[in-house]
Amino acid sequence: MCGIVGYIGTQQAAPLIVSGLKRLEYRGYDSAGVCIISDSGARIEKKAGRVADLEKYVDISSMTGTVGVGHTRWATHGVPNDVNAHPHTDQSGSIALVHNGIIENYLTIKKKLLNAGYTFRSETDSEVLAVFIGMLYETLQDMELAVRTALSEVEGTFGLVVLSTHEPDMIIAARRGSPLILGIGNGEYLVASDAAAVISHTRQVVYLNENEMAILRRDGFSTKTIENVDTRSVVEEISFELEQIEKGGFEHFMLKEIFEQPTTFHDGFRGRLQIDAGTVKLGGLASVADKLRAAKRIIITACGTSWHAGLVGEYLIEHLARVPVEVEYASEFRYRNPIIHSDDIVIAISQSGETADTLAAIREAKLKGATVIGMVNVVGSTIARETDAGVYLHAGPEIGVASTKAFTSQLCVLTQFALYLGRMRSLSSEQGREVALGLANIPAQIRSILDRSEEIRSIALEYANVSNFLYLGRGYNFPAALEGALKLKEISYIHAEGYPAAEMKHGPIALIDAELPVVFIAPKDEIYDKILSNIEEVRARSGKVIVIADEDDTHIHTVANHVIRVPRTLPMLAPILASIPLQLLAYYIAVERGCNVDMPRNLAKSVTVE
Ligand code: M6R
């Protein structure tokens, strides 16, 4: 959600913090602020809008000092304005705090503080915490103790950083439910909500654990639990390169990430796929292989795009491994007291590995005795660390808020998982080989679709001004339709719905008129004729038909206004190829409408609050 960057060292902190904030803007971008501590006190500058707006408002180089913290916000409590922007201070203005997450009992704490005569400027829960720490400091006269005492009374989630003029050569960081990492430099230390903010200074990082605090000083750092028990920190190396989080000549991260898919998809099966044996080697699952062999049921839990990938996973696993699968929104699963047996396998799918609902679902499943597997992109993320076993997506950093390459990598990993499980059960090596070969061909097939991106752009331009879109697919392509609709609505703000094509007649057909474009995903599989009937139903009502069809389909152009051709593949792999033109269609429409595709309104890349 929000982004945090803190620095203590020998360099000027403000420019360094601002450049880190820019790399974190995809996490939240409705306001930005910086606090620098120097001999003249704490100087705070904050502004609604992007980091660039803050830079226009204040000369960052005039904020001198070698200790500081910055924040980009994704509003939870209080509208995005200058006052609600972080950092927040205590009553005296000598303690500054930035906070990701939600303090659930902030109203109770605020009431106590109001009764004691404290006042507030903002509507935020975070300011309440800053004032509370300040009040505790007045009696305790020890910053670390004041923060720890406050956090012991707090309910909710936080990744926070506190600075103070009382103890100016120290940064305090703490996490519960919201990620923080420490960057270990040469005589300098950083703290950030994301490795992207520290990689230009150091590759050496420490991932803070749940309920852990870090005290950063100029000459070193220590970690401990919030309850004050020393912990041992493990220094790890960031697993990606700086250029992977830069645009590399593309206009937007989203476009770059769409075009990276031949490579990222290949990285998802490289060293795993064993074509001759018709199987796959998933080292991260070796420790749970016996449990997988004995599993009676698989539950997939995720949110958003990752949930759509999970729906494809259901079809794949039931098809290749014949194990029943249920797919659950993590936000529902966590609260509905799900029935879980000890021989259930729960798979959590997440790009960021930090999604609060998915994390909570995992914890619920573990509590009830299931074996939990993670399919996660971000190495070292909380979900990756809290699951019993897992398979990384290896898609590299995804910065565009709309997930693209992570989705196809999720399908890559899910196909391999289904193959792995199938080969443990009744799938023959011959059947396995067919799937493995199909997967191995996908990168070149994606490339051939990308080569035709201009065609997709010209279709997009025709539909940039419509108000509604319908996406229809059947079987494996029903989740692809959902994902196509989600992509369009989140970056273009056009209302779009995805449906199983046959469901159209049970309601959405009422929407169809000459203004409504309907996107069909119609590869020549065993239900092709059925989907042709659905296309006719739309044509009969004057709807505009855009079809994603096989490149050798000689009939489809007679029933469609536009055809986007994709190479032939196995039916189970069709949603992978279909998602490429759907991503491009959404992208080009959004750009034509003048939308900020990398940072769509109201969204954030990783949703670390409920
Ligand atoms: O990081 P996760 O995969 O757990 O995120 C889940 C959703 O928040 C995410 O997929 C969201 O729907 C994206 N904006 C989709 O493009």
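Student: Which residues are closest to the ligand, and how many surround it?

Tutor: In this predicted model, 13 residues surround the ligand, and the closest are S306, S350, S352, T355 and E490.

Student: What makes the pair formed by S306 and the ligand a polar contact?

Tutor: Set the distance against the cut-off. An N or O atom in the side chain of S306 is 2.5 Å from an oxygen atom of the ligand. A polar contact needs a pair of N or O atoms within 3.5 Å, so the S306 pair qualifies. The backbone takes part too: a backbone N or O atom of T305 lies 3.1 Å from a ligand oxygen, and a polar backbone atom of S403 is 2.8 Å from an oxygen atom of the ligand.

Student: How much of the ligand does the protein bury?

Tutor: The protein buries 91% of the 410 Å² that the ligand exposes when taken alone.

Student: Which elements give two or more residues to the shell around the ligand?

Tutor: Those are α9 (304–321) and α16 (477–492). The largest share, 3 residues, comes from α9. By class, the shell has 3 nonpolar, 8 polar and 2 charged residues.

Student: Let's turn to charges. Why is the pair R175 and E210 called a salt bridge?

Tutor: Their side chains meet at 2.7 Å, N to O. The cut-off is a side-chain nitrogen of Lys or Arg within 4 Å of a carboxyl oxygen of Asp or Glu, so R175 and E210 meet it. R175 lies in strand β8 (residues 170–176) and E210 in the loop between β11 (204–207) and β12 (212–217), so the pair ties together parts that are 35 residues apart in sequence.

Student: Why is R175 called buried, and E210 partly exposed?

Tutor: Buried means under 20% relative accessible area. R175 has 1% relative accessibility, so R175 counts as buried. E210 has 23%, and since partly exposed lies between 20% and 50%, E210 counts as partly exposed.

Student: What other partner does E210 have at 3.6 Å?

Tutor: R363 forms a salt bridge with E210, with the closest N and O atoms 3.6 Å apart. R363 lies in helix α11 (residues 356–367), so this pair ties together parts that are 153 residues apart in sequence. At 33% relative accessibility, R363 counts as partly exposed.

Student: Which residues do salt bridges with shared partners join into one network?

Tutor: R175, E210, R363 and E386.

Student: How do you know that R270 is exposed?

Tutor: Exposed means over 50%, and R270 has 53% relative accessibility, so R270 counts as exposed. R270 also forms a salt bridge with D267, the closest N and O atoms being 2.9 Å apart.

Technical notes
Residues are numbered from 1 along each chain as its sequence is written. This is a predicted model: local features need pLDDT of at least 70, side-chain atom pairs count only at pLDDT 80 or more; totals for chains, interfaces and linings use all residues. Side-chain values use heavy atoms; hydrogens and water are left out. A residue is near a molecule or strand if one of its heavy atoms lies within 4 Å of it. A polar contact is a pair of N or O atoms within 3.5 Å; within protein, one must be able to donate a hydrogen and the other to accept it, and residues adjacent in sequence count only if both atoms are side-chain atoms. Accessible areas come from the Shrake-Rupley method with a 1.4 Å probe; for residues, only the protein chains shown count as cover. Helices (H or I, at least four residues) and strands (E, at least two) are DSSP runs, numbered from the N terminus. Ala, Val, Leu, Ile, Met, Phe, Trp, Tyr, Cys and Pro count as nonpolar, Asp, Glu, Lys and Arg as charged, and the others, Gly among them, as polar. Buried means under 20% relative accessible area, exposed over 50%, partly exposed in between (1.4 Å probe, protein chains only).
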